[in-house]
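Trainee: I'm new to this structure and would like a close look at a single part of it. Could you pick one spot, walk me through it, and then show me how it links up with other places worth a visit?

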Amino acid sequence: MQGAHILLEEPIRLASILEPSKPNFFPAMTKIIGTLGPQSRSVEVIEGCLKAGMSVARFDFSGGDNDYHQETIENLKIAAKGMKKLCAIMLDTVGPELRVFNKNEEPIVLEIDAFVILTPDQTKEASSEVLPINYAGLAKTVKKGDTIFVGQYLFTGSETTSVWLEVAEIKDQDIVCCVKNSATLVGSLFTMHATQVHIDLPTLSDTDKHVIASWGVRNNIDFLSLSYTRNAEDIIQTRAYLDELQNLQQTQIFAKIDTIEGLEHFDEILREADGIIISRGHLGIDLPPEKVFLFQKAAVHKCNMAGKPVVVTRVVDSMTGNLRPTRAEATDVANAVLDGTDAILLGAETYRGLYPFQTISIVGKICAEAEKVYNQAIYFKRTMKYGNEPTSHLESIATSAVSSAIKVNASVIVVFTATGQTARLIAKYRPTMPVLSVVIPRLTSNQLRWSFTGAFQARQTLVVRGVFPMLADPRHPAESINETNESVLKLALDHGKTTGLIKPHDRIVVCQKIGNSAVVKIIELED
């Protein structure tokens, strides 16, 4: 399988392992998405997260209402302004998520080999004998022997806060289950997942639509993470809904692959989505454990070849309560980078974890080390071979820019863009140096008012591996050949010098549009 090859630079000097990692303005080329929540919503903690390397802030509406998340995003705006950093916004939908209600919030102790009843009767109190659920149709969907997982953060194999149930009997709308592991459920609401079962609920619920139309519109969300994406039609319908709303026509939709249904329709989903999130928490229990890594490698490979961002989740679960990841988790992060992932998504680790910005920092350091041994030469050849002939004009420019940058050992690729497309195409070929994307705003009109585009496009590259955006003055057009264009380049180079990306005598590859032509040029800096 093509996607199974680890692109590792060889040989690795063992002595280099003992050398301390060098600090860098950009902690890693691989991006980090942090979920903001109870432990990470203050201005001070968010500043720490941004400094540590968070480039996208995720808002999970499984918990908290609009007002709660609005307070958090206002703190994010203060932190980003103070840090002078761009940060994109991702709204994560709830979707057809199955839930267990525990209104009295008393701990529920479940013992191995005991029996518990799942019932849609939400008037009943949750206990070790009965668990009220939100889906009356589950009894018609599952059968004897099926597995169901319940917990605050779902089953991982080592937690005692989530439980594995096996269906023993169906009684009308009630499901009698045998408890397969002892656990204590703590909290008012738990996630439930029935393995390899179709849930007859809409992917984009009415609640999700309300949140998007209110909170999403108000905050001009950059990304919508569509939970439980099952087929391409889910993306098409969601896009049609966003197009109806003010300000969200440019919002990118990332398909979250949570179940085997999404896996089965992966190729059609990839064609319609702007990016993919491999939700390993749910997939890890929907698939046999020995198959999870195969899907990850195949899915990442397909996304890489399509030039679409791919995000991997659930990498350092143990850091929810610990300052250091396990050895397996550290290796898992590195392997995700070597597989070709664009970004790592941190969920509970930053949402309710005790060490949110420390977690981001450690994950960033692991990514940076893995990137040092990533075999770009093999990847470049493989991607070129995979591409269709003839390549598009824009893609041929992108490959030329990457090839030239590698041959002259450039320290950075500077690309002028209005949509971010050129920067994403360059990133598709995984250059070993950062891509400084200078986004030139455009003046547009919707027949009611004039506005500048550019901020959306700049923030949306914050999920793309190796691309670091900056917004240019809208008075400087990207296709200009006069002095204003040179002044934008000077600003970009000054930014690179300030961040430590560019030093005297460095070579810079510049990709820009001049008139109707796109050109690649090499600049050697003086003292």
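Mentor: Let's start at Val-520, which sits in strand β24, residues 517-524. Keep in mind as we go that this is a predicted model. Is Val-520 buried, exposed or something in between? Its relative accessible area is 29%, so Val-520 counts as partly exposed, given that buried would need a value under 20% and exposed one over 50%.

Now look at what Val-520 touches. Setting aside residues up to four places away in sequence, its contacts are Ile-397, Ala-401, Ser-404, Val-509, Val-510 and Cys-511. There is also a long jump along the chain to look at: Ile-413 is 107 residues away from Val-520 in sequence, yet their C-alpha atoms are separated by 9.9 Å.

One of those contacts, Val-509, gives us a way inward. To see where it leads, begin with the largest nonpolar core, which has 68 residues. Met-54, Phe-59, Leu-76, Ile-212, Trp-215, Ile-276 and Ile-278 are the ones with the most contacts inside that core. Apart from it lies another core, this one of 33 residues, and Val-509 is among them, along with Ile-33, Ala-423 and Leu-462. As a general background, nonpolar side chains tend to be buried together in soluble globular proteins.

Take Ile-276 as a sample of the largest core. Leaving out neighbours within four places in sequence, Ile-276 is in contact with Phe-254, Ala-255, Ile-257, Phe-266, Ile-269, Leu-270, Cys-303, Pro-309, Val-310 and Val-311.

Back to the core of 33 residues and its member Ala-423. Ala-423 is one of the buried residues of helix α15, and the others are Thr-422, Leu-425, Ile-426, Ala-427 and Lys-428. Why call α15 largely enclosed by the rest of the structure? Because six of its eight residues, in the stretch 421-428, are buried. After α15 comes Arg-430, with a positive phi near 50°.

Positive phi turns up elsewhere too. Lys-84 has a phi near 55°, though it is a residue other than glycine. You'll find Lys-84 in the loop between α2 (66-83) and β3 (88-92), and it is exposed, with a relative accessible area of 78%. Asp-113, not a glycine either, has a phi of about 75°. Asp-113 lies in the loop between β5 (108-110) and β6 (115-119) and is exposed at 54%.

Two other aspartates sit in buried places. Asp-222 is in the loop between α4 (206-218) and β13 (223-226), and with 0% relative accessibility it counts as buried. Its side chain makes a polar contact of 2.7 Å with the side chain of Arg-459. Beyond its neighbours within four places, Asp-222 is in contact with residues including Ala-88, Ile-89, Thr-251 and Phe-456.

Asp-234, in helix α5 (residues 232-244), is buried yet has no salt bridge. The nearest side chain of opposite charge belongs to Arg-230, 4.2 Å away, whereas a salt bridge would need to be within 4 Å. The backbone of Arg-230 does get involved, though: its nitrogen lies 2.8 Å from a polar atom of the Asp-234 side chain. Not counting residues up to four places away in sequence, Asp-234 also touches Thr-203, Leu-226, Tyr-228 and Thr-229.

Key
Residues are numbered from 1 along each chain as its sequence is written. This is a predicted model: local features need pLDDT of at least 70, side-chain atom pairs count only at pLDDT 80 or more; totals for chains, interfaces and linings use all residues. Side-chain values use heavy atoms; hydrogens and water are left out. Buried means under 20% relative accessible area, exposed over 50%, partly exposed in between (1.4 Å probe, protein chains only). Helices (H or I, at least four residues) and strands (E, at least two) are DSSP runs, numbered from the N terminus. Contact means heavy atoms within 4.5 Å. A polar contact is a pair of N or O atoms within 3.5 Å; within protein, one must be able to donate a hydrogen and the other to accept it, and residues adjacent in sequence count only if both atoms are side-chain atoms. A nonpolar core is a set of buried Ala, Val, Leu, Ile, Met, Phe, Trp, Tyr and Cys residues joined through side-chain atoms within 4.5 Å. Lys and Arg count as positive and Asp and Glu as negative; His and the chain ends are not counted.
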